[in-house]
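Got your viewer open? Let's take a walk through this one together, one selection at a time.

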Protein chains: 4
Amino acid sequence: MSKHIDYTLLSEKLTEFAQDRDWEQYHSPKNLVMSLNTEVGELTEIFQWLSEVESYQLKDDPQAFEHVQQELADVLMNLVRLSDVLGVDLNTAVQDKLASTIEKYPVEQVKGKAKKYTEYEPNN
Amino acid sequence: MSKHIDYTLLSEKLTEFAQDRDWEQYHSPKNLVMSLNTEVGELTEIFQWLSEVESYQLKDDPQAFEHVQQELADVLMNLVRLSDVLGVDLNTAVQDKLASTIEKYPVEQVKGKAKKYTEYEPNN
Amino acid sequence: MSKHIDYTLLSEKLTEFAQDRDWEQYHSPKNLVMSLNTEVGELTEIFQWLSEVESYQLKDDPQAFEHVQQELADVLMNLVRLSDVLGVDLNTAVQDKLASTIEKYPVEQVKGKAKKYTEYEPNN
Amino acid sequence: MSKHIDYTLLSEKLTEFAQDRDWEQYHSPKNLVMSLNTEVGELTEIFQWLSEVESYQLKDDPQAFEHVQQELADVLMNLVRLSDVLGVDLNTAVQDKLASTIEKYPVEQVKGKAKKYTEYEPNN
């Protein structure tokens, strides 16, 4: 069974949440981008001292797993609200970007190669 | 008409993308959290010198609007992939968090009040 | 009178702090980069809902100003510790980068021009 | 021999850099915090797919090591400029914070214990 995120409903509920509290005035795209950085910082805090192996096992610690779910949800809510305020259709955007990403990294060129430093161009 | 993000399909395509390139070995939750920080940094770059008013008008600049859509999509793809690797059902997580956020900020207490510094406890 | 940050002394104290607690094992460059993201997230939280004008006036709120000083200090301590573990001489690095940045943005070309979106190349 | 960062001189040069280009108008604390997030994102990009072991060996790759020095320098320049615009004496702030951090984590309580998830309080 396929799961869906009802993107329209989520956007509407988040707009209503802001309107009810008279918080729309604070939800400029610029502010929401800062808020997104804050939320991602809170998510990062959970993982900062974990080894990669431990990061795979987070589900085994119910308290940590509950916490990480909350932070992931915060990131998604912020992202949906930001897209809405910007007038971006996030679903179309992700379809387009996925297609171009697949094209950008041809299997025959990158397979089995570490996606390591040397791939990146310093942009100073 | 309601728009949906087909979360299961997106997860499957991102897994396939990683498998085809033999990149699953790099997609530990820890690494994907770092990648999420990188993507959010690229999104932030677009907004850093814009005023709040200008940030509302991004749609008027087709090049900037295309760019911001790509960065938003990158953030979503990273978030979906991370949730998948962690075993988190992002749709359930967001329903739960939205409900608890609505409860946390009662309209009668916060309406018309700026969500400003003094709400936040320093956590050192 | 010129103020200096005694970089060597600060590095030594931070190393001693980690050694005394047997925490050097957690201070890999990778982990410290994640910790830096966490600290910058906490700094960002203070500013997310402030207007630009309000952000200039933070000094007028003693509690907020104390908090922001703590977060700025956390970012610096993390940066110094990270540089030390990587074997980077941060003082030399900053001299070199400042010189190349001055060269990169010639006054006659950029003066009075908004450092806005169009300057940035999307890097996808 | 002790190395120092001449904090006053660095602040002055960065102010002059902004003044010469008529960029002071863009350097609100809020904007500089966003810029700091962007710079830290660029630093994170270098480390995202590296293992912890590889992150210790960055010095062995001259191109990567040059790049990381530039990004560390960008973070420091941004931090010094931000502190200057806010009216924060970064040197005093770091002395105070180091003292309170040492007090916050008594050796006898934390030694040999992993600074792991369970130490952190979810802050929702």
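Before the first stop, here is a rule you'll need: two strands pair if DSSP finds at least two bridges between them. Keep in mind, too, that what you're looking at is a predicted model.

**Stop 1: chain A by itself**

Select chain A and hide the rest for now. You should be able to pick out six helices and one strand. Start at the N terminus and trace along: the elements come in the order β-α-α-α-α-α-α.

How does the radius of gyration of chain A sit against that of a compact globule of 124 residues? The globule would come out near 14 Å, but chain A has 18 Å. Turn the C-alpha trace of chain A along its principal axes and you'll find that it spans about 50 × 45 × 35 Å.

Now try colouring by burial. Of the 124 residues in chain A, 45% are buried. As for who touches whom inside the chain, take the contacts between residues at least 6 apart in sequence: 74% of those join residues at least 24 apart.

**Stop 2: bring in chain B**

Show chain B next to chain A, and select β1 in both. In chain A this strand is residues 4–6, and it pairs with β1(B) in the antiparallel sense over three bridges. That count satisfies the rule of at least two bridges that we started with. Want a spot to zoom in on? Click on Asp6(A): standing opposite, in β1(B), is His4(B).

Zoom back out to take in the whole interface. Here 61 residues of chain B are in contact with 61 residues of chain A. Which elements of chain B give two or more residues to the side that touches chain A? Select them in turn: β1 (4–6), α1 (7–20), α2 (29–47), α3 (52–56), α4 (62–86), α5 (90–104) and α6 (107–110). The one that gives the most is α4(B), with twelve residues. Colour this side of chain B by residue type and you get 33 nonpolar, 14 polar and 14 charged residues.

**Stop 3: the axis between A and B**

Stay with these two chains and think about how one maps onto the other. In general, two copies of a chain are related by a rotation about an axis and a shift along it. For this pair, a rotation of 180° with 0.0 Å of shift along the axis superposes chain B on chain A, with an RMSD of 0.0 Å. That is the relation of a two-fold axis. To find where the axis passes, select Ile5(B): its C-alpha is the nearest to the axis in chain B, 2.5 Å from it. The same surface serves both copies, as 100% of the contact residues of chain B recur in chain A.

**Stop 4: swap chain A for chain D**

Hide chain A and show chain D with chain B. In this interface, 15 residues of chain B are in contact with 15 residues of chain D. On the side of chain B that touches chain D, the residues divide into five nonpolar, eight polar and two charged.

What turn and shift lay chain B on chain D? A turn of 180° with a shift of 0.0 Å along the axis does the job, at an RMSD of 0.0 Å. This time select Gly41(B), whose C-alpha is the nearest to the axis in chain B, at 2.3 Å. Once again the same surface serves both copies: 100% of the contact residues of chain B recur in chain D.

While chain D is on screen, select α2(D). This helix has 19 residues and reaches 27 Å from its first C-alpha to its last, close to the 27 Å expected at 1.5 Å a residue. Is α2(D) largely enclosed or largely open? Because 19 of its 19 residues are buried, α2(D) is largely enclosed by the rest of the structure.

**Stop 5: two aspartates and a tryptophan**

Most residues other than glycine have a negative phi. With that in mind, select Asp22(C), in the loop between α1 (7–20) and α2 (29–47) of chain C. Phi of Asp22(C) is positive, near 60°. Jump to Asp22(D), in the loop between α1 and α2 of chain D, and you'll find a positive phi near 55°. Buried or partly exposed: which is Asp22(C)? Asp22(C) counts as partly exposed because it has 14 C-beta neighbours inside 10 Å.

Last selection: Trp49(C), in the loop between α2 and α3 (52–56) of chain C. Trp49(C) has 23 C-beta neighbours inside 10 Å, so it counts as buried. Finish by drawing a distance from its C-alpha to that of Val80(C), 31 residues apart along the chain: the two atoms are separated by 29 Å.

Conventions
Residues are numbered from 1 along each chain as its sequence is written. Chains are lettered from A and ligands numbered from 1 in the order in which they are written. This is a predicted model: local features need pLDDT of at least 70, side-chain atom pairs count only at pLDDT 80 or more; totals for chains, interfaces and linings use all residues. Copies are superposed by least squares on the C-alpha atoms of residues with pLDDT of at least 70 in both. Two residues are in contact if their C-beta atoms, placed from the backbone, lie within 7 Å. Helices (H or I, at least four residues) and strands (E, at least two) are DSSP runs, numbered from the N terminus. A residue is buried if 20 or more other C-beta atoms lie within 10 Å of its own, exposed if 12 or fewer, and partly exposed in between; C-beta atoms are placed from the backbone. The radius of gyration is taken over C-alpha atoms; the globule rule is 2.2 Å times the number of residues to the power 0.38. Ala, Val, Leu, Ile, Met, Phe, Trp, Tyr, Cys and Pro count as nonpolar, Asp, Glu, Lys and Arg as charged, and the others, Gly among them, as polar. The expected span of a helix is 1.5 Å times one less than its number of residues.
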